[in-house]
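Me: Could you take me through the ligand site in this model, close up? I'd like to know what holds the ligand, what surrounds it, and what the space around there looks like.

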Amino acid sequence: MRIIHAKDYADMSRKAANIISAQVILKPDCVLGLATGSTPIGAYEQLIKWYEKGDVDFAEVSTYNLDEYRGLGHDDPQSYHYFMNKNFFHGINIDLANTHVPDGANPDADAACAEYDRMVEAAGYPDLQLLGIGNNGHIGFNEPDSVFSKGTHCVDLTESTIQANSRLFESIDDVPRQAYTMGVQTIMRARSILVVANGPKKAQAVYDMCFGPVTPACPASILQLHTNCTVVADEEALALCH
Ligand code: PGA
């Protein structure tokens with residue numbers, strides 16, 4: 001695991017965007033695994049700026065997002081599909097047909113998850129997987145558990161995740177209680193992984209991810225076993241790692 005220290009959120013975002021854009025420059029038809037949440041937004045904004053300057057070209061890139069709320073259609077403003085269009089895809093020249101998010105609108109969880117696994121496998125798994133980390137150490141919506149999950153599956157969100165995500169909804173009652181998420185095993189199949197984290201609320205999770213025991217009680221801790229994982233975090237998120 002490679003840990004890159006960033007001064008603050010802007011610095012973290014630029015460094016993460018540099019790594020993503022290097023991937024796209026080196027392999028223009030690469031597969032990117034992408035993440036939602038507040039943390040990657042700055043990196044997406046930076047990539048849009050570099051695209052506008054002509055420095056990076058997404059025409060041949062395809063993407064697979066980690067997760068989607070169960071029950072939300074693509075056009076629902078709270079869906080992760082909508083988030084990706086708004087915060088990234090509409091700002092770059094990616095072919096929207098090559099962007100993929102689990103189908104939250106499909107109520108048949110088994111079918112929706114199996115179909116997503118088939119698509120990610122057929123794409124050959126991501127060259128680079130971008131990840132945020134939850135305050136409780138989750139990656140995607142893989143919450144602390146007694147085992148590491150495998151493929152895409154339906155999860156019940158924990159109370160702490162519902163609380164954390166409620167800031168993006170009008171009321172906590174509006175936060176969906178379930179989601180479809182890529183499993184830990186799928187995430188580990190990416191050829192490289194980039195974790196972004198900022199702020200003091202992430203300090204314990206970042207410490208556990210980098211230096212704690214490898215345990216499904218902190219799903220991100222398994223990334224210690226990945227051969228090409230980079231963490232870009234700001235000083236506050238790295239506060240316990242000195
Ligand atoms: P955040 O979420 O970027 O909104 O903090 C991270 C995550 O839960 O994976």
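Reply: Start at His-138: an N or O atom of its side chain lies 2.6 Å from an oxygen atom of the ligand in this predicted model. Lys-202 offers a side-chain contact as well, with an N or O atom 2.6 Å from a ligand oxygen. At Ser-38 the backbone takes part, since a polar backbone atom there is 2.8 Å from an oxygen atom of the ligand. On its own the ligand would expose 280 Å², and the protein buries 81% of that.

Now step back to the whole shell. Around the ligand you will find Gly-37, Ser-38 and Thr-39, then Gly-132, Ile-133 and Gly-134, along with His-138, Arg-167 and Lys-202. Sorted by class, this shell has six polar residues, two charged ones and one nonpolar. As for the space itself, the ligand sits in the largest pocket.

There is also an enclosed space to look at. The structure holds one cavity of 30 Å³ or more, and the largest cavity has a volume of about 30 Å³. Thr-39, which is among the residues around the ligand, also helps line this cavity, together with Met-12, Ser-13, Ala-16, Pro-40, Ala-43, Leu-130 and Val-196. Helix α1 (residues 9-26) gives the largest share of that lining, three residues. The lining of the cavity divides into six nonpolar and two polar residues, with no charged ones, while the ligand shell has two charged residues.

Methods
Residues numbered from 1 in each chain as written. Predicted model: local features only at pLDDT ≥ 70, side-chain atom pairs only at ≥ 80, totals over all residues. Heavy atoms only, no water. Near = heavy atom within 4 Å. Polar contact = N/O pair within 3.5 Å; in protein donor to acceptor, adjacent residues only side chain to side chain. Areas by Shrake-Rupley, 256 points an atom, 1.4 Å probe, with all protein chains shown as cover. 1 Å grid on protein atoms, 1.4 Å probe; cavity = no way out; pocket = protein on both sides within 12 Å on 5 of 7 lines; lining within 4 Å. Sits in = over half its atoms within 2 Å of the grid points. Nonpolar A, V, L, I, M, F, W, Y, C, P; charged D, E, K, R; others polar. Points joined across faces, edges and corners; volume = space filled by probe spheres on them. Helix = DSSP H or I, 4+ residues; strand = E, 2+ residues; numbered from the N terminus.
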